[in-house]
Amino acid sequence: MTVIGNLKPAALAAFAAGALALAACSPTPSGTPDPTASASAPETVQSTMTASASPSASPNTSATVGAVVEGFPQELLPLMPGASVVSSSFDKASTPATAALVATITAPTSAVLDFYTKELEARGFKAVPGESVGALASKDFVRGDNETVNLSAVEAAGVVTFTIGANVAAESAK
């Protein structure tokens, strides 16, 4: 599909996270979740996903698999202690700057939501009411007129895969 080829790395990371979340939640033909989907999905993403800049991507866009990409705004979006990075991306030249992080952790979904709620509120973000979209844990945060962060998480077989996507002022992304 040509749409995927034109995605910026941040959008590609978010797309991959969504695909990973769907794979972890996809029912088997019997209608029950497939317990092997979540166990194999992160490794599959790491071994087969590559991100290349599209012709419209900014030269300041970078993405990586298995690590926090260089320049990622870790002061603004810290990695939860004990979490392992699946992928990350950062575009500091876009307006607003965009950052995305996909990670896994063996902790309850509620612990992930609590950690990032405290971290983001300490940085001036306000939580928007609601903590789910359907069965998916999802929480939005806003700061000022145009800065947003979305946190989503899916838990399968005791492992939470979470995605953080942020659109923030360039001066905030340091």
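Two strands count as paired when DSSP finds at least two bridges between them. Strands (E, at least two residues) and helices (H or I, at least four) are DSSP runs, numbered from the N terminus. Before you click around: this is a predicted model, where local features need pLDDT of at least 70, side-chain atom pairs count only at pLDDT 80 or more, and totals for chains, interfaces and linings use all residues. Residues are numbered from 1 along each chain as its sequence is written, and side-chain values use heavy atoms, with hydrogens and water left out.

**Stop 1: β6, β7 and β8**

Select β6 (136–143) and β7 (147–156). They run antiparallel to each other, paired over 7 bridges. Pick V142 and you'll find its bridge partner in β7, T148. The two strands form a hairpin with 3 residues between them, and G144 in the turn has a positive phi of about 65 degrees.

Now add β8 (159–168). β7 and β8 are antiparallel too, over 9 bridges; here E155 has V160 in β8 as its bridge partner. This hairpin has 2 residues between its strands.

How enclosed is β7? Of its 10 residues, 7 are buried, so the rest of the structure largely encloses it. Buried means under 20% relative accessible area, exposed means over 50%, and partly exposed is in between (1.4 Å probe, protein chains only).

**Stop 2: A157, in the turn**

Click A157, in the loop between β7 and β8. Its phi is near 55 degrees, a positive value in a residue other than glycine. Most residues other than glycine have a negative phi. Is A157 buried or exposed? It counts as exposed because its relative accessible area is 69%.

**Stop 3: helix α4**

Next, select α4 (109–122). Its 14 residues should span 20 Å at 1.5 Å a residue, and the end C-alpha atoms are indeed 20 Å apart. (The expected span is 1.5 Å times one less than the number of residues.) Show side chains for its buried residues: T109, V112, L113, F115, Y116, T117 and L120. Covering them are elements including β3, β6, β7 and β8. After the helix comes G124, with a positive phi near 95 degrees.

**Stop 4: the aromatic rings**

Keep F115 and Y116 on screen and add F162; ring pairs link these three into a cluster. Rings of Phe, Tyr and Trp (its six-membered ring) pair if their centres lie within 6.5 Å; planes under 30 degrees apart are stacked, over 60 edge-to-face, and the rest tilted. The whole structure has 2 such pairs. F115 and Y116 are edge-to-face, 4.8 Å centre to centre with 90 degrees between the planes. Y116 and F162 are tilted, at 5.5 Å and 50 degrees. That pair links distant parts of the chain, with Y116 in α4 and F162 in β8, 46 residues apart. Y116 is buried at 2% relative accessibility, and F162 is buried at 0%.

**Stop 5: the nonpolar core**

Which residues have the most contacts inside the largest nonpolar core? They are L77 and F162, in a core of 31 residues. (A nonpolar core is a set of buried Ala, Val, Leu, Ile, Met, Phe, Trp, Tyr and Cys residues joined through side-chain atoms within 4.5 Å.) Elements supplying at least two residues each include β2, β3 and α4. Centre on L77: leaving aside neighbours within four places in sequence, it contacts F72, A99, L120, V149, I164 and A166, where contact means heavy atoms within 4.5 Å.

**Last stop: P96**

Finish in the loop between β2 and β3, where P96 sits. The peptide bond from T95 to P96 is cis, with omega near 0 degrees.
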